[in-house]
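The following exercises are to be worked with the sequence and the structure at hand. Each task is followed by a solution that proceeds step by step.

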Amino acid sequence: MEMIFSKYKTQAIFASLILVVLLAVLANFIQAKAALFAAVFIAFAGWKPSKTWQKISHVILLVVASIGLILHLVPGFNNILIWQDRLFGDNSVPHTFYLNFDKALVAFALLFYLFRQQGLHEKASQTTRHLLMVSAVTIVITFSTALLVGVIDWNLKLPDNILLFMFSMLFITVTAEECLFRGVLQRALTAKLGVWSVVVVAVLFGLAHLPFSAGFAICACIASLGYGYVYYKSGQIIWPILQHTAVNFTHLFLFSYPLLP
């Protein structure tokens with residue numbers, strides 16, 4: 001009975017995701033060619049391979065496709081410009097915000113992947129209190145380092161018209177990044193590297209932020225160690241998502257955002 005329920009639950013989730021894609025086409029958020037890519041990507045993410053070579057190929061192709069979407073290399077997504085060159089303070093570089101439907105596809109397709117791989121509700125090996133403490137320490141060390149290397153400065157603020165940006169940051173940007181780096185990469189590497197997978201993926205996460213600056217990449221790497229640790233100890237993707245969101249919101253409201261000029 002449980003297997004039958006799980007099968008229908010998987011089908012229901014897949015059908016719901018495809019319905020969202022179709023609605024996005026009707027709303028002109030994505031074009032037909034992007035919708036076809038999205039349907040294939042979602043179906044592939046939900047595939048559960050059994051053989052070792054299939055599992056390796058699955059992870060590699062998911063990573064490649066996800067990076068292509070995050071870098072906006074896949075055509076047909078009509079991402080919406082919300083603001084351009086907005087200044088969050090006198091000591092901040094201009095910031096541009098798009099509502100990225102290609103990145104949203106990564107977030108929800110990889111959540112579907114984790115559901116199929118039973119990676120959403122694995123048993124935690126540490127208490128909630130311990131994980132919250134690690135999250136708090138991560139925030140302190142990350143921003144202490146950022147202040148030390150000079151990529152940010154204190155800038156307490158409460159920006160207006162910020163709710164959509166916060167929603168996008170949590171449910172699109174952070175969820176996509178954590179599902180990719182923790183849910184796919186770290187999860188795949190843990191079987192071979194154990195806790196060292198946390199370090200390897202943290203370095204990769206830092207390198208992904210290198211285009212911003214070397215100092216920012218170092219801070220991203222440090223924060224990523226915390227994200228990776230709570231995922232390694234909890235087995236639940238919600239923990240790095242919430243920790244990453246807490247770091248980003250702290251950055252937005254308490255410091256120069258996104259960086260010093």
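A residue counts as buried when its relative accessible area is under 20%, as exposed when that area is over 50%, and as partly exposed in between. The structure examined here is a predicted model.

**Exercise 1. Confidence**

Task: State what the mean pLDDT of the chain is, and what the pLDDT is over residues 1–5.

Solution. The chain has a mean pLDDT of 94. A value of 70 or more is reached by 94% of its residues. Over residues 1–5, however, the pLDDT is below 50. This stretch has zero contacts in the model beyond near neighbours in sequence. Where pLDDT is low, the predicted coordinates should not be read in detail.

**Exercise 2. Residues of helix α6**

Task: Determine whether S168 is buried or exposed, and list what it touches.

Solution. Begin with location: S168 lies in helix α6, which covers residues 163–193. Its relative accessible area is 3%, and S168 is therefore buried, the limit being under 20%. Next, set aside residues up to four places away in sequence; S168 then touches F97, L99 and T173.

Task: Repeat the analysis for T175 and find how far its C-alpha atom is from that of F108.

Solution. T175 is also found in helix α6. With a relative accessible area of 6%, T175 is buried. Apart from neighbours within four places in sequence, T175 is in contact with A107, L111, L170 and I241. Along the chain, T175 and F108 are 67 residues apart, while their C-alpha atoms are separated by 8.2 Å.

**Exercise 3. Packing of two helices**

Task: Describe how helix α2 and helix α4 pack, giving the angle and the distance between their axes.

Solution. Two packed helices are described by the angle between their axes and the distance between the axes. For helix α2 (residues 32–45) and helix α4 (residues 101–116), the angle is about 25° and the axes are 8 Å apart. Angles under 35 degrees count as roughly parallel, so α2 and α4 are roughly parallel to each other.

The contact itself comes next. From α2, the residues A38, F41, I42 and A45 take part; they meet L105, V106, A109, L110, F112 and Y113 of α4. By class, the residues of this contact comprise 10 nonpolar, no polar and no charged.

**Exercise 4. Helix α8 and its surroundings**

Task: Compare the expected span of helix α8 with the distance between its end C-alpha atoms.

Solution. Helix α8 comprises 21 residues, 214–234. The expected span is 1.5 Å times one less than the number of residues, which means 30 Å for α8. The end C-alpha atoms are 30 Å apart, in agreement with that expectation. Just after α8, G235 takes a positive phi of about 70°.

Task: Identify the residues that T145 contacts, and state whether T145 is buried or exposed.

Solution. T145 is found in helix α5, residues 128–149. Its relative accessibility is 16%, and T145 counts as buried. Leaving aside neighbours within four places in sequence, T145 is in contact with I218, C219 and I222. T145 and I222 are 77 residues apart in sequence, yet 8.6 Å apart in space, C-alpha to C-alpha.

Task: Place H209 in the chain and describe its contacts.

Solution. H209 sits in the loop between α7 (196–208) and α8. At 12% relative accessibility, H209 counts as buried. Not counting residues up to four places away in sequence, H209 touches E177, F216, A217 and A220. Between H209 and C219, 10 residues apart in sequence, the C-alpha to C-alpha distance is 9.2 Å.

**Exercise 5. Backbone features**

Task: Examine the phi values of N28 and H72, and classify the accessibility of each residue.

Solution. N28 is in the loop between α1 (2–26) and α2. Its phi is near 65°, a positive value in a residue other than glycine. With a relative accessible area of 52%, N28 is exposed. H72 is found in the loop between α3 (52–70) and β1 (80–86). H72 has a positive phi of about 60°, although H72 is not a glycine. Its relative accessibility is 41%, and H72 counts as partly exposed.

Task: State which form, cis or trans, the peptide bond from Y257 to P258 takes.

Solution. P258 belongs to the segment after α9 (238–254). The peptide bond from Y257 to P258 has omega near 0° and is cis.

Terms used:
Residues are numbered from 1 along each chain as its sequence is written. This is a predicted model: local features need pLDDT of at least 70, side-chain atom pairs count only at pLDDT 80 or more; totals for chains, interfaces and linings use all residues. Side-chain values use heavy atoms; hydrogens and water are left out. Helices (H or I, at least four residues) and strands (E, at least two) are DSSP runs, numbered from the N terminus. Axes are lines fitted to C-alpha atoms, for helices over the stretch in contact, and angles run from 0 to 180 degrees between N-to-C directions. Angles under 35 degrees count as roughly parallel, over 145 as roughly antiparallel, 65 to 115 as roughly perpendicular and the rest as oblique. Contact means heavy atoms within 4.5 Å. Ala, Val, Leu, Ile, Met, Phe, Trp, Tyr, Cys and Pro count as nonpolar, Asp, Glu, Lys and Arg as charged, and the others, Gly among them, as polar. pLDDT is the predictor's confidence in each residue, from 0 to 100. Buried means under 20% relative accessible area, exposed over 50%, partly exposed in between (1.4 Å probe, protein chains only).
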